[in-house]
Amino acid sequence: MQRVTLAAVASVLAALPAFAQTAGAPGPAAAVPPHHAAPAVPQPGQVKPAAPASVAEARSVAALALSHEPIYDQGSAQRIREVLKSYSDLAARGGWPTIPADAKFALGVQGSSDDLLRKRLIITGDLSADKTTGAYDEVVAEAVKHFQARHGLAATGTLTPRTLAALNVPVQKRIKQLEASLERLDQMDFQFGQRYVVVNIPATFAEAVEDDKVVRRYRVIVGKTEKPSPTLTSEITDVILNPTWTVPSSITKTEIAAHMRKDSTYLARMHMDVLDAHDNPIDPHAVDWSGDHAPNVTVRQQSGAWNALGAVKIDMPNAYSVYMHDTNQRSLFSDDYRFDSHGCSRVDNVRDLAAWLLKDQPQWTRAAIDAAIATGQRQDIRMLKKVPVAWVYLTAWMTKDRTIQFRNDVYDQDQQLLEATAEEAAFFNKAAEHPLTTQ
């Protein structure tokens, strides 16, 4: 397999977590409620300060520096088929060795498992085939960085527990991931455009693709395991500045009602209005918040720094009523584990994405977007040219530069999909053995 050199971005990788951080190990506990949850009343010291815009820009630049090759393009399915063949051949030859859990590796120090690690990295093309023996040196450390980047790990060159766990995933499991990803792509009917946006949920990154190259890449926060983000295809139709947030009825029934039972001033302090069926404001104290049923009202949070959607909402009509948006808790983007929403996708540096989406409308430069947001007034901007968008669930793929990538199956959906596909195939095979006949 061809090895992709990452030397050009080694310094960036050392300072910032790698593109598409791996999921699977819990990250730091969030100090704020997830998206689409009723905001808790902030207490002193509980809410992290929002990261400056320059930090978000730096994260986007670092992510883009890793690769300009899209996760998902028109050749993705065929490339996965190629990897499946090579990995099946690899499995027939015995796969790769397991690194002992207690193995120790230190730069420049000879260890008992050094040659085994070299063999493991050579098999998957992370290390040159002529580097079969020797202590853990700079060459092996660079190979480890390459492996880490391909698996969504911080590319430090150090054998962390997560890195060791990824090295020891058997080839059979990697084949299952490839099969599941291929099955998903074969079921998709996405209309690629000259410009399009892709969110790969397991990778927790969004890509803006133009002329078959990634021109923007952003960290995203997607659905937590009990509230997974859906896979979908749609078109981005509107960019909304200073949006309001209409609270889903399920959250009004549970979290909002619970807050109001404890504190009758909660809605006022959260800048939330209560509306009747005709969108007319009503007194929240006139609502019965005590029952188990959802009150027959709409709760809407006003635009502002307190709003759960932040300063930008990106609309994309779909059956799941999800969308992409900013957040008023931008510090969460620094977390490696970014599965913390109720299904929508929060986007780091989202104003940059908005400017890219609106580039065909020259009056909406980044400066103009910032100025409009500064007014505090809601503004709905209709896209003159809709941009296709796909939310995909790919735990394995290969980019056009032949780099094979894997991510953790955080929603545990790969095996479910393969089992369902196998059951369907078995059903039709059985039916074929007993064709319907007419007398």
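**Reading salt bridges, one pair at a time**

Author: Let's start with one side chain: Glu179 is partly exposed, with a relative accessible area of 30%. Keep in mind that this is a predicted model.

Reader: Fair enough. Which residue forms a salt bridge with Glu179?

Author: To call a salt bridge, look for a Lys or Arg side-chain nitrogen within 4 Å of an Asp or Glu carboxyl oxygen. Here the partner is Lys176, and the closest N and O atoms are 3.9 Å apart. That falls inside the cut-off, so the pair counts.

Reader: And how are Lys176 and Glu179 placed in helix α7?

Author: Check the spacing along the helix. Lys176 and Glu179 are 3 residues apart in helix α7 (residues 171-187), so about one helical turn separates them. Like its partner, Lys176 is partly exposed, at 42% relative accessible area.

Reader: Helix α7 also holds Arg184. Which side chain does Arg184 meet in a salt bridge?

Author: That would be Asp414, with 2.8 Å from N to O. This pair links distant parts of the chain: Arg184 belongs to helix α7 and Asp414 to helix α12 (residues 414-433), 230 residues apart.

Reader: Is Arg184 buried or exposed? And Asp414, buried or exposed?

Author: For buried, the relative accessible area has to be under 20%. Arg184 comes in at 12%, so it's buried. Asp414 is buried too, at 5%.

Reader: Now something outside the helices. Which side chain does Arg382 meet in a salt bridge?

Author: Same recipe: find the N and O atoms, then ask where each residue sits. Arg382 meets Asp238, at 3.2 Å from N to O. Arg382 is in strand β12 (residues 379-392) and Asp238 in strand β4 (residues 232-241), so this pair ties together parts 144 residues apart in sequence. The two ends have unlike surroundings: Arg382 is exposed, at 51%, while Asp238 is buried, at 12%.

Reader: Beyond pairs, which residues are linked in a network of salt bridges?

Author: For a network, follow the links from one charged side chain to the next. Glu57, Arg351, Arg366 and Asp370 are linked that way.

Reader: How many salt bridges does the count come to?

Author: It comes to 25.

Reader: Where does pLDDT stay under 50?

Author: Where pLDDT is low, don't read the predicted coordinates in detail. In this chain that caution goes to residues 1-52, where pLDDT stays under 50. The model still has 142 contacts beyond four places in sequence for that stretch. For the chain as a whole, mean pLDDT is 86, with 83% of residues at 70 or more.

Note on methods. Residues numbered from 1 in each chain as written. Predicted model: local features only at pLDDT ≥ 70, side-chain atom pairs only at ≥ 80, totals over all residues. Heavy atoms only, no water. pLDDT = per-residue confidence, 0-100. Contact = heavy atoms within 4.5 Å. Helix = DSSP H or I, 4+ residues; strand = E, 2+ residues; numbered from the N terminus. Buried < 20%, exposed > 50% of the residue type's maximum accessible area, 1.4 Å probe, protein only.
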